[in-house]
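User: Please take one part of this model and go through it closely, then relate it to what surrounds it. A single connected account would suit me better than a list.

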Amino acid sequence: MVSSPSPYTVAVIGAASGIGRASAMLMASRGNTVICLDRDGKGAEATAKEIRDAGGLASSHAIERTDAPTQAGRRNDIIASRGQPPAP
């Protein structure tokens, strides 16, 4: 794994349960800020709250991945609050 000089902000789709939740928790345990995304908004918030309760930084957003207008709106909300991600 490549190490970085500073933590990242990562978005995890499906963060309410299963592999998505485990991925969100792993990313947080490595010092990253996590944006928890899931159609189950309450589940995404539960994951984000667990991360925050453990001392990490996390937010949550309900999102339906098949709804393009909702995706665009959430993306714009996240960029407005976090800033434009750097180009790869």
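Analyst: In strand E2, Ile35 is the bridge partner of Ala11. Strands, at least two residues long (E), and helices, at least four (H or I), are DSSP runs numbered from the N terminus. The model is a predicted one, in which local features need pLDDT of at least 70 and side-chain atom pairs count only at pLDDT 80 or more, while totals for chains, interfaces and linings use all residues. Residues are numbered from 1 along each chain as its sequence is written, and side-chain values use heavy atoms, with hydrogens and water left out.

E2 covers residues 33-38 and runs parallel to E1, to which five bridges join it. Another of the bridge partners is Thr33, which pairs with Thr9. On the other strand, E3, Val34 stands opposite Ala58, and Cys36 has Ser60 as its bridge partner. E2 and E3 are also parallel, again over five bridges; strands count as paired if DSSP finds at least two bridges between them.

Together the three strands form an open, parallel sheet in the order E1-E2-E3. E1 and E3 (58-62) are the edge strands, each with a single partner, so one side of each has no neighbour in the sheet. From one strand to the next the twist averages 20 degrees.

How many residues of E2 are buried? Six of its six residues are, so to speak, under cover, where buried means under 20% relative accessible area, exposed over 50%, and partly exposed in between (1.4 Å probe, protein chains only). Thr33, Ile35 and Leu37 point one way, Val34, Cys36 and Asp38 the other, and all are buried. E1 (residues 9-13) gives another picture: Val10 and Val12 point to one face and are buried, while Thr9, Ala11 and Ile13 point to the other and are not.

Helices link these strands. E1, helix H1 (residues 18-29) and E2 make a right-handed β-α-β unit; right-handed means that, with the strands pointing away from the viewer, the path from the first strand over the helix to the second runs clockwise. H2 lies across E2 and E3 and runs at about 180 degrees to E3 (axes are lines fitted to C-alpha atoms, for helices over the stretch in contact, and angles run from 0 to 180 degrees between N-to-C directions).

Two residues of E2, Val34 and Cys36, belong to the largest nonpolar core, which has 11 residues. Such a core is a set of buried Ala, Val, Leu, Ile, Met, Phe, Trp, Tyr and Cys residues joined through side-chain atoms within 4.5 Å. Its other members include Val10, Val12, Ala44, Ala48, Ile51 and Ala58. E1, H1, E2 and helix H2 (41-53) are the elements that give two or more residues to this core, with H2 supplying the largest share, three residues.

Ala44, one of the core residues, has contacts with the end of E2. Leaving aside neighbours within four places in sequence, Ala44 is in contact (heavy atoms within 4.5 Å) with Ala16, Cys36, Leu37, Asp38, Ser60 and His61. Ala16 is found in the loop between E1 and H1, and its 14% relative accessibility is why it counts as buried. With neighbours set aside in the same way, Ala16 is in contact with Arg21, Asp38, Asp40, Gly43, Ala44 and Thr47. Asp38 is thus listed as a contact of Ala44 and of Ala16. The C-alpha atoms of Ala16 and Gly43 are 4.3 Å apart, although 27 residues separate the two in sequence.

As for the chain as a whole, it has three helices and three strands, running β-α-β-α-β-α from the N terminus on. Buried residues make up 27% of its 88 residues. Of the contacts with a separation of 6 or more, 43% join residues 24 or more positions apart.
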